[in-house]
Amino acid sequence: MSAAIDTTPASPAPTADTRDARAPWALTAPALMLFVGVLVIPLAMTVMLSFHDWGQYKGIEPVFILKNWREVLTDSYFLEMFGRTFRIALYVTVLTALFGAPEAYILNRMKSPWRGIFLLVILGPLLISVVARTLGWALLFGGNSGLVNKALTSLGLISAPLPFMFTETGMVVALAHVLMPYMVLAVWAALQRLDPQIENAAVALGAGPFTVLRRIVLPQVMPGILSGAIIVFALAASAFATPAIIGGRRLKVAATLAYDEFLNTLNWPLGAAVAVLLLVALVLIVVGASRLVERRYAQVFG
Amino acid sequence: MSFLELDHVGKQFGPNTVVDDFSLAVGKGEFVSFLGPSGCGKTTTLQMIAGFLDPSRGAIRLEGRDLTTVQPAKRGLGIVFQSYALFPHMTAAENVAFGLEMRRVPRAERAERVRGALGMVGLAGYEERYPRRMSGGQQQRVALARALVIKPSVLLLDEPLSNLDAKLREEMQIELRQIQRNLGTTTILVTHDQNEAMSLSDRIVVMSQGRVEQIGTPQETYERPASAFVSQFLGKTNDFAATIDKTCAPARLVAGSWSAVAPVGLAGPVTVSIRPERISFGDAGLAAKIVTRIFQGNHWLFQCESECGPAIVIRQNDGKPQPVEGEAVRLAWRPEDMSLRGVGAAA
């Protein structure tokens with residue numbers, strides 16, 4: 001009798017435990033299946049595809065060869081593409097940091113009605129398609145008929161239209177404009193965590209406004225700038241619409257190159273190799289950068 | 001001549017008068033507290049001295065020279081903020097050294113003074129710690145060292161101990177007082193804690209709704225509160241309505257069944273104010289009944305219902321038997337222990 005009493009409360013416990021253990025899996029299953037279905041499987045197929053062969057007349061052959069990878073990694077044409085992609089991404093990152101960080105700081109110091117209005121002005125473009133925003137630049141600077149070029153020429157300030165379309169400069173400027181909100185948001189978030197008394201403390205100790213900015217504010221928002229930089233870099237390196245419009249077929253970056261291989265040359269395996277290489281390179285850069293940032297600031301802000 | 005002088009200082013935020021006609025003369029080496037509930041204007045006054053806010057009226061003078069035209073960075077005051085406001089990206093030593101760097105103190109002397117300041121607040125050996133890795137009390141000490149290392153003419157403390165737990169706060173109070181005495185730095189403390197103000201200060205400025213209610217030593221403000229607000233805010237107090245009975249000679253001051261010879265020149269109804277620890281249980285006096293009695297270790301706290309309304313009495317736990325709940329008692333006090341306010345009170 002006493003044994004029965006002892007065992008009865010014990011026996012339901014394991015089933016409850018196993019049910020509890022399974023619950024998280026069951027609850028995440030729908031999202032997990034969606035994730036596997038739309039991301040993991042296509043990605044795996046793309047990786048597979050990059051090892052297949054392709055010929056002008058025979059199409060895609062499901063064999064395992066390293067031809068595409070050898071081509072992508074050794075041909076100077078691809079090297080130039082990837083070099084340009086990461087160079088543009090780097091310039092865009094620096095540009096957004098140079099403009100976005102002060103922008104966020106000024107925004108943060110604004111008084112109540114203006115702050116909301118200007119935050120909307122800065123974030124508003126996110127609501128408009130990237131294509132529309134980039135076409136705006138094309139309208140302003142595109143060749144002889146571009147609005148700014150026309151105005152500057154008729155004012156006699158320039159004799160030939162400013163080169164913008166099909167230039168790296170044009171791509172950097174347009175991408176920096178498109179990606180600026182991400183940097184502003186990241187720095188803004190870091191500024192929100194700042195104790196305003198800290199600036200007062202520095203002032204009371206005899207620091208001028210510039211010293212306060214350089215020695216007190218900047219180091220504290222540095223993690224924000226760096227996380228913004230990682231986002232902007234990743235988005236700039238993988239951007240498609242802006243390089244496609246500004247650079248067109250003449251000035252390709254990795255994303256537009258992969259697109260061309262898929263849809264114009266129809267060499268899917270080569271396009272897949274380009275896409276996978278871009279993905280791997282980006283993941284390595286982003287993970288490496290955030291590791292560095294974390295290690296640098298773990299002691300200070302952890 | 002006083003060292004730090006506030007001359008009819010006022011601050012207006014739109015239609016709101018936050019500080020009204022604040023005048024105070026602080027002597028060199030003096031420790032003065034601004035005491036009051038939140039929103040009484042004490043922090044605003046401190047910020048005007050620091051220079052983070054400009055006064056709407058009046059002048060602030062340090063050693064006779066007008067401070068209001070001096071940039072906050074040039075005032076040379078040491079400030080400890082409620083949130084400590086340490087630079088999170090700098091070590092304790094770098095935090096303390098910052099003010100010296102701004103003053104272009106040579107590197108060797110700087111290191112020497114930083115070590116001295118951290119030693120003074122009991123943080124020797126913590127030089128390389130980041131604030132995030134320190135406890136609240138330690139951060140507090142770094143903030144104090146950072147404010148004192150520049151040898152400020154005036155030390156401003158904005159609720160510096162309010163984020164610490166009770167035991168640590170008491171320790172820091174004693175230490176703060178010792179450091180201040182040793183250095184002889186003129187100090188202004190903003191606090192809402194009356195015990196803190198009383199145990200630390202030479203003088204207390206009691207403030208309410210932007211006005212100065214009373215300026216005096218801790219004892220003066222406690223024993224002779226200038227207004228009902230001061231007596232209520234500084235510790236517990238009993239207020240009884242009393243009348244003057246002129247039918248007998250000399251005239252008597254009467255509150256319920258308690259009475260005493262009235263001070264000369266007093267007429268009309270007054271309020272009698274007595275501290276709970278000055279009331280004793282006697283054979284004659286104000287009739288009352290004990291409602292609750294609370295044991296608090298070194299003393300007993302009695303809540304009574306008297307003829308003149310609720311009353312609180314504090315008696316030392318001296319081992320003698322004390323009245324129990326429900327017991328009828330008589331409340332008595334010496335006339336010199338009470339203060340009188342109200343209509344006809346000869347102030």
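## Close-up views of a predicted two-chain model

**View 1. Q192(A), an exposed residue in a helix.** With 10 C-beta neighbours inside 10 Å, Q192(A) falls in the exposed class, because the cut-off for that class is 12 or fewer. Everything shown here and in the views that follow comes from a predicted model. Q192(A) belongs to helix α8 of chain A. For a distance to check on screen, try Q192(A) and Y105(A): they sit 87 residues apart along the chain, and their C-alpha atoms are separated by 9.9 Å.

**View 2. Helices α8 and α10 of chain A, packed against each other.** Here helix α8 (residues 168-192) of chain A meets helix α10 (residues 209-237) of chain A at an angle of about 155°, with 8 Å between their axes. That angle makes α8(A) roughly antiparallel to α10(A), since angles over 145 degrees are put in that class. The crossing of the two helices, α8(A) and α10(A), is right-handed. From α8(A), the contributors to the contact include L175(A), L179(A), Y182(A), M183(A) and A186(A). On the α10(A) side, V221(A), P223(A), I225(A), I231(A) and L235(A) are among them, as are G224(A), S227(A) and G228(A). Which classes of residue make up the contact of α8(A) with α10(A)? The count is 16 nonpolar, three polar and no charged residues.

**View 3. The loop that holds F166(A).** This close-up shows the stretch between α7 (147-154) and α8 of chain A, the loop in which F166(A) is found. The backbone is worth a look at this point: F166(A) has a phi near 60°, a positive value in a residue other than glycine. F166(A) has 15 other C-beta atoms within 10 Å and is therefore partly exposed.

**View 4. The two domains of chain A.** Pulling back a little, chain A is divided into domain 1 (2-49) and domain 2 (76-301). Between the C-alpha centres of domain 1 of chain A and domain 2 of chain A there are 41 Å.

**View 5. Where chain A and chain B touch.** How many residues does each chain bring to the contact? Chain B supplies 19 residues and chain A supplies 18 residues. On the chain B side, helix α2 (residues 92-102) of chain B gives the most, with three residues. Sorted by class, the side of chain B that touches chain A has 14 nonpolar residues, joined by three polar and two charged ones.

**View 6. Helices α2 and α3 of chain B, at an oblique angle.** Next comes α2(B) with helix α3 (residues 107-120) of chain B; the pair packs at an angle of about 125°, with axes 9 Å apart. This makes α2(B) oblique to α3(B), because 125° is outside the ranges for roughly parallel, antiparallel and perpendicular pairs. The crossing of α2(B) and α3(B) is right-handed. A92(B), A93(B), V96(B), A97(B), L100(B) and E101(B) make the contact from α2(B), while R110(B), R113(B), V114(B), A117(B) and L118(B) make it from α3(B). By class, this contact of α2(B) with α3(B) has eight nonpolar, no polar and three charged residues.

**View 7. Chain B, its fold and its domains.** For orientation, chain B has eight helices and 20 strands. Its C-alpha trace spans about 80 × 45 × 35 Å along the principal axes. Of the 347 residues in chain B, 38% are buried. When contacts in chain B between residues at least 6 apart in sequence are considered, 64% join residues at least 24 apart. Chain B is divided into domain 1 (4-233) and domain 2 (238-341), and the C-alpha centres of these domains of chain B lie 39 Å apart.

**View 8. Two exposed loop residues in chain B.** E63(B) sits in the loop between β4 (57-62) and β5 (65-66) of chain B. Is E63(B) buried or exposed? E63(B) counts as exposed, with 12 C-beta neighbours inside 10 Å. The phi of E63(B) is near 50°, again a positive value in a residue other than glycine. D283(B) lies in the loop between β15 (280-282) and β16 (286-295) of chain B. Having 7 C-beta neighbours inside 10 Å, D283(B) counts as exposed. Measuring tools at hand, you can compare D283(B) with V324(B): the two are 41 residues apart in sequence and 16 Å apart in space, C-alpha to C-alpha.

Key. Residues numbered from 1 in each chain as written. Chains lettered and ligands numbered in written order. Predicted model: local features only at pLDDT ≥ 70, side-chain atom pairs only at ≥ 80, totals over all residues. Contact = placed C-beta atoms within 7 Å. Helix = DSSP H or I, 4+ residues; strand = E, 2+ residues; numbered from the N terminus. Nonpolar A, V, L, I, M, F, W, Y, C, P; charged D, E, K, R; others polar. Domains from an automatic or database assignment. Axes fitted to C-alpha atoms, helices over the stretch in contact; angles between N-to-C directions. Parallel < 35°, antiparallel > 145°, perpendicular 65-115°, else oblique. Left-handed = near helix turned anticlockwise from the far one by under 90°. Buried ≥ 20, exposed ≤ 12 C-beta atoms within 10 Å, placed from the backbone.
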